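Here is a short briefing for a first look at this structure. Start with the view below, then read on by topic.

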Amino acid sequence: MHTALAEPGTDAEVEEVLRGEDPAIARVLAQVEDVRPAQLEAQRQIIRTLESSTPAANTVIGLTGPPGAGKSSLAGALIRHWLDAGHPDSAAGVGMVAVDPSSRRSGGALLGDRARLRFESGERVFVRSMASREQLGGLAPATRAAVTVLRAAFPRTLVETVGVGQSEVDVETVADSVVIVLQPGSGDTLQFMKAGLLEIPDVLVVHKWDLGEIAERTRSDLLALLPLLTTPGDAHWDPPVIGVSSQSGEGVSELAEALASHRDWLERSGELARRRRRARTEWILELFSRRYGTRGIESLGGSESARKLAASSPGTALDGFSDLASRAGLESAPK
Ligand SMILES: Nc1nc2c(ncn2[C@@H]2O[C@H](COP(=O)(O)OP(=O)(O)OP(=O)(O)O)[C@@H](O)[C@H]2O)c(=O)[nH]1
Ligand SMILES: [Mg+2]
């Protein structure tokens, strides 16, 4: 138990985040989501401390798919599954970031998401809703920072983003595992995948499995399509196609098992480290382009060169951002 309120950004406050305490998480989220340049130094410290204290097993799972496919309902069902008594991690809680396109954002939609995720008091579930900006591939400016906070606090963090076809979503650059949630009869998504406009996800869910035959047909179509799109024999993970109903609960534990296997595979294959490095590089480039625009990128010798510099810069993403800024002569070197 803590008595006094910890000073914002201090180790004591970060300790409270690591214990999953709501008020501390909310305060730290507000700090790291603040995009004013004056906040950078304080944020750098917070992100450093959080990352160095995050338990290695903590994981981030992206849920993406077309509007209305049931991503929020599925998140609720998965969280329920993880929290349920008897599950080894039930005491540890779940974090969630729900990203909504700004165009669709209304108080109602956000409240709706929160309301649908109902949990017992004492169950540790922290949901953060935010609006995306179109140019950020389905993410919000603060998504990466928020994920870093929740990943420190909870063994599992879900990130829900809306994604269809080409306006595709960068959720794969923030999550360790990506689940695409499809509804029965979603031929468009299949076409996008066939045309190479959609990354092959790690797990495919045919949701609303309770709809019966039409759901089974969608699953057969996907099973027939996947071998044509994946190259067997590579550092290999075969994406499973799982029928799930959040309403009846069918398939939820199968999905949870598939996610656990995928996480094991990520560790074993070295893919986890690769994805985390990629996430860090993308975060640096995102911060840098937002602050300094295309002219900033040009002064680093163009986007390929900027990406290389970002990938080889030291420290956290915020350190990397400052490193790039000082290389470009745009900011003094980080302390
Ligand atoms: N039949 C059936 N309907 C479902 C199931 N899960 C969700 N739905 C319905 O699907 C609709 C969309 O559900 P949401 O969970 O809001 O879907 P979403 O993908 O989060 O939607 P957006 O965030 O608006 O893109 C709602 O009307 C739900 O009642 C399910 O397992 N079976
Ligand atoms: Mg939703």
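Which residues of β4 are buried on one side, and which on the other? On one side they are Arg156, Leu158, Glu160 and Val162. On the other they are Thr157, Val159 and Thr161. Both faces of the strand are thus listed as covered. Keep in mind that this is a predicted model. The chain has twelve helices and seven strands. Of its 335 residues, 52% are buried.

**The sheet**

- Seven strands form an open sheet, and their pairing is parallel.
- The strand order is β3-β2-β4-β1-β5-β6-β7.
- β3 (125-132) and β7 are the edge strands, and each pairs on one side only.
- Neighbouring strands of the sheet are turned by 20° against each other on average, with direction ignored.
- β2 and β3 are joined in the parallel sense by eight bridges.
- Valine 94 sits opposite valine 125 of β3.

**Strand β4 and its partners**

- In a regular strand, side chains alternate between the two faces of the sheet.
- Seven of the seven residues of β4 are buried, so the strand is largely enclosed by the rest of the structure.
- Strand β1 (residues 59-65) runs parallel to β4, and seven bridges join the two.
- Valine 60 has threonine 157 of β4 as its bridge partner.
- Strand β2 (residues 94-101) also runs parallel to β4, with five bridges between them.
- Valine 97 stands opposite valine 159 of β4.
- Helix α6 (residues 143-153) lies across β1, β2, β3 and β4.
- The same helix, α6, runs at about 165° to β2.

**The magnesium site**

- Which residues coordinate the magnesium ion (ligand 2)? Ser72 does so through OG and Glu160 through OE, at 2.1 to 2.2 Å.
- This pair links distant parts of the chain, 88 residues apart.
- Serine 72 belongs to helix α4 (residues 71-83), while glutamate 160 belongs to strand β4 (residues 156-162).
- Serine 72 has a relative accessible area of 8%, below the 20% cut-off, so it counts as buried.
- Glutamate 160 is also buried, with a relative accessibility of 8%.

**Aromatic pairs**

- How many aromatic pairs does a search of the whole structure find? It finds three.
- Tryptophan 237 and tryptophan 265 have ring centres 6.0 Å apart.
- Their ring planes stand at 40°, so this pair is tilted.
- The two tryptophans come from distant parts of the chain, 28 residues apart.
- Tryptophan 237 lies in the loop between α8 (213-229) and β7 (241-244), and tryptophan 265 in helix α9 (residues 252-269).
- Tryptophan 237 is buried at a relative accessible area of 18%.
- Tryptophan 265 is buried too, at 10% relative accessibility.
- Tyrosine 292 and phenylalanine 321 have ring centres 6.1 Å apart and planes at 10°, so this pair is stacked.
- Tyrosine 292 is in helix α10 (residues 271-299) and phenylalanine 321 is in helix α12 (residues 317-327), so their pairing ties together parts 29 residues apart in sequence.
- Both tyrosine 292 and phenylalanine 321 are buried.
- Ring pairs join Phe288, Tyr292 and Phe321 into a cluster.

**Helix α7 against α8**

- Two packed helices are described by the angle and the distance between their axes.
- The axes of helix α7 (residues 187-194) and α8 come within 10 Å and cross at roughly 10°.
- The two helices, α7 and α8, are therefore roughly parallel to each other.
- On the α7 side, Leu190, Met193 and Lys194 make the contact.
- On the α8 side, the contact is made by Asp221, Leu222, Leu225 and Leu229.

**Aspartate 319**

- Where does aspartate 319 lie? Aspartate 319 is part of helix α12.
- Is aspartate 319 buried or exposed? Its relative accessible area is 9%, so aspartate 319 is buried.
- Leaving aside neighbours within four places in sequence, aspartate 319 is in contact with Arg44, Arg48 and Pro314.

**Contacts along the chain**

- Take the contacts between residues at least 6 apart in sequence: 73% of them join residues at least 24 apart.

How values were computed. Residues numbered from 1 in each chain as written. Chains lettered and ligands numbered in written order. Predicted model: local features only at pLDDT ≥ 70, side-chain atom pairs only at ≥ 80, totals over all residues. Heavy atoms only, no water. Donors = N, O, S within 2.8 Å, 3.2 Å for Na, K, Ca; no water. Helix = DSSP H or I, 4+ residues; strand = E, 2+ residues; numbered from the N terminus. Buried < 20%, exposed > 50% of the residue type's maximum accessible area, 1.4 Å probe, protein only. Phe/Tyr/Trp six-rings, centres within 6.5 Å; stacked < 30°, edge-to-face > 60°. Pairing = 2+ DSSP bridges. Axes fitted to C-alpha atoms, helices over the stretch in contact; angles between N-to-C directions. Parallel < 35°, antiparallel > 145°, perpendicular 65-115°, else oblique. Contact = heavy atoms within 4.5 Å.
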